[in-house]
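This report walks through one protein model, from an annotated stretch of the chain to a ligand shell, and then to helices and single residues. Please keep the sequence and the structure in view while reading.

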Amino acid sequence: MDPIKTLDFGNWVSGSDEERQSFAKDLHDELVAVGFVKLCNHGLSNECIDNLFQKTRQFFELPPEEKQKIAYIPGPTLQRGWSTVGSEKSATLDSPENISHDNLEDAKQHFDCGAAEDVKFPNKWPDAHVLPGFQESVEEYFDKCQELGLRTMEALEMGFNQPQDSLLSRFKSHASQFRLNHYPALPVQRLTDGLTNRLWPHADYGVLTFLVQDSVGGLQIWDNINQSGFLPIPCNSRYEIIVNAGGTLQRWTNDFLKAGLHRVVMPDTNQKDGVVPERFSLAFFLHTARSTSAGPLPSFVDKDHPALYDEITTFEFERRRTEQTY
Ligand SMILES: O=C(O)CCC(=O)C(=O)O
Ligand SMILES: [Fe+2]
């Protein structure tokens, strides 16, 4: 059974008042209880998703020298361009405290970008003649996810009984980010030695994440209801979108809603001749304007629920988290 419930986004976009209210309530309830929901009828066409998976594969198949031209140099800047296998250390994020992180590896490479109009942290693209259509495909997908993200926030605002536009107005300008993930094929033994994961347990930093995964498997989410451990998430269709709550939403709600903890490990099936096949995923992180508060919203703080988080900007929150991983 799939631990994540699927909601029909069509009910929000074009449903009756009753259907819209019920969508907003389900979205709220599932995010609070589980930390994750899946969306169908989300408006991203199968062609758009297929096209981006194909372009993503082409990007990671480029020779390392080409990718190196747009490598992310860790420093006082946001992640843009290519990060090589193992460069990001996700074990430092939310893995149990009692393990030593120093020799724990991520078996993953990725490509990051922000909005086309983000002049403060400009994107890095491979040359168009090396990878024709890549930039256009990524930008088109980015814009569609941003739109989907805003509409989902609108529903969540209703689900939370927040005044209309009070949350949505925080996204008028935005610092959303998009990541293409590639987990190379590797021997089963590498993923079972306890030192390597495709992606270690972590919660994302933004408000909401919109994730599309291929059918290889290995994604797991923390069982927030029974606290029993990690639960495998099947890919019923590569066109479904998994939505999870990020750290900013956890801060805003003063822990009323916990960011969904997840990881990518060896798939239950799908190994062949001792090798785990390669895997791709597309992760869109919905972020607010950078100057927005990442402190708890007033309606989640009272004398029984004192503020658990300091009053910093969402940008500062992201910077702190990114710094941890390199
Ligand atoms: O590959 C996946 O399914 C998850 C990716 C992810 O969690 C991330 O990029 O933050
Ligand atoms: Fe994630």
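How much helix and how much strand does the chain have over residues 174–288, and how far apart are the end C-alpha atoms? In this predicted model, the chain over residues 174–288 is 5% helix and 40% strand, and the end C-alpha atoms of that stretch are 5 Å apart. According to the UniProt record, an unreviewed entry, residues 174–288 carry the annotation "domain: Fe2OG dioxygenase".

**The shell around ligand 1**

The residues around ligand 1 are Arg179, Asn181, Leu199, Asp204, Leu211, Gln213, Leu219, His262, Val264, Ser281 and Ala283. Two or more residues of this shell come from each of strand S6 (177–183), strand S10 (208–213), strand S14 (262–264) and strand S16 (279–286). Sorted by class, the shell around ligand 1 holds 5 nonpolar, 4 polar and 2 charged residues.

**Three helices**

The table sets out the helix lengths beside the spans expected at 1.5 Å a residue.

| Helix | Residues in helix | Expected span | Distance between end C-alpha atoms |
|---|---|---|---|
| H2 (17–33) | 17 residues | 24 Å | 24 Å |
| H3 (46–60) | 15 residues | 21 Å | 21 Å |
| H6 (134–159) | 26 residues | 38 Å | 37 Å |

In helix H2, the buried residues are Phe23, Ala24, Leu27, Glu30 and Leu31. Because these buried residues cover an arc of only 140° around the axis, they are placed on the same side of H2. The face turned away from that buried side carries the exposed residues Asp17 and Glu18. The cover over the buried residues of H2 includes strand S1 (6–8), helix H1 (10–14), strand S2 (36–40), H6 and strand S13 (241–245). After H2 comes Gly35, whose phi is positive, near 90°.

In helix H3, the buried residues are Leu52, Thr56 and Phe59. Seen down the axis of H3, the buried residues fall within an arc of 60°, so they line one face of the helix. Asn46, Glu47 and Asp50 are exposed residues on the face of H3 that is turned away from its buried side. The buried residues of H3 pack against strand S5 (109–114), H6, S6 and S16; S6 and S16 are also among the strands that give two or more residues to the shell around ligand 1.

In helix H6, the buried residues are Phe134, Val138, Tyr141, Phe142, Cys145, Leu148, Gly149, Thr152, Ala155 and Leu156. H6 thus appears in the packing of both helices described above, as part of what covers the buried residues of H2 and as an element against which the buried residues of H3 pack.

**Two asparagines with positive phi**

Most residues other than glycine have a negative phi. Which value does phi take at Asn41, although it is not a glycine? The phi of Asn41 is positive, about 55°, and the residue is found in the loop between S2 and H3. With 14 other C-beta atoms within 10 Å, Asn41 is partly exposed.

Asn161 likewise has a positive phi, near 60°, and lies in the loop between H6 and S6, just after H6. Is Asn161 buried or exposed? Because 9 C-beta neighbours lie inside 10 Å, Asn161 counts as exposed.

**Two buried strand residues**

Val212 has its place in strand S10, one of the strands that contribute to the shell around ligand 1. With 23 C-beta neighbours inside 10 Å, Val212 counts as buried. Leaving aside neighbours within four places in sequence, Val212 is in contact with Ile49, Arg238, Ile241, Ser281 and Leu282, and Ser281 is itself one of the residues around ligand 1. The C-alpha atoms of Val212 and Gly274, which are 62 residues apart along the chain, are separated by 26 Å.

Phe36 lies in strand S2 and counts as buried, with 24 C-beta neighbours inside 10 Å. Not counting residues up to four places away in sequence, Phe36 touches Ile4, Ile221, Ile242, Val243, Asn244 and Gly260. Although Phe36 and Asn224 are 188 residues apart along the chain, their C-alpha atoms are separated by 9.9 Å.

Technical notes
Residues numbered from 1 in each chain as written. Chains lettered and ligands numbered in written order. Predicted model: local features only at pLDDT ≥ 70, side-chain atom pairs only at ≥ 80, totals over all residues. Near = placed C-beta within 6 Å. Helix = DSSP H or I, 4+ residues; strand = E, 2+ residues; numbered from the N terminus. Nonpolar A, V, L, I, M, F, W, Y, C, P; charged D, E, K, R; others polar. Expected span 1.5 Å × (residues − 1). Buried ≥ 20, exposed ≤ 12 C-beta atoms within 10 Å, placed from the backbone. Arc of directions from axis to C-beta. Contact = placed C-beta atoms within 7 Å. UniProt positions renumbered as here; feature names shortened; annotations may be inferred.
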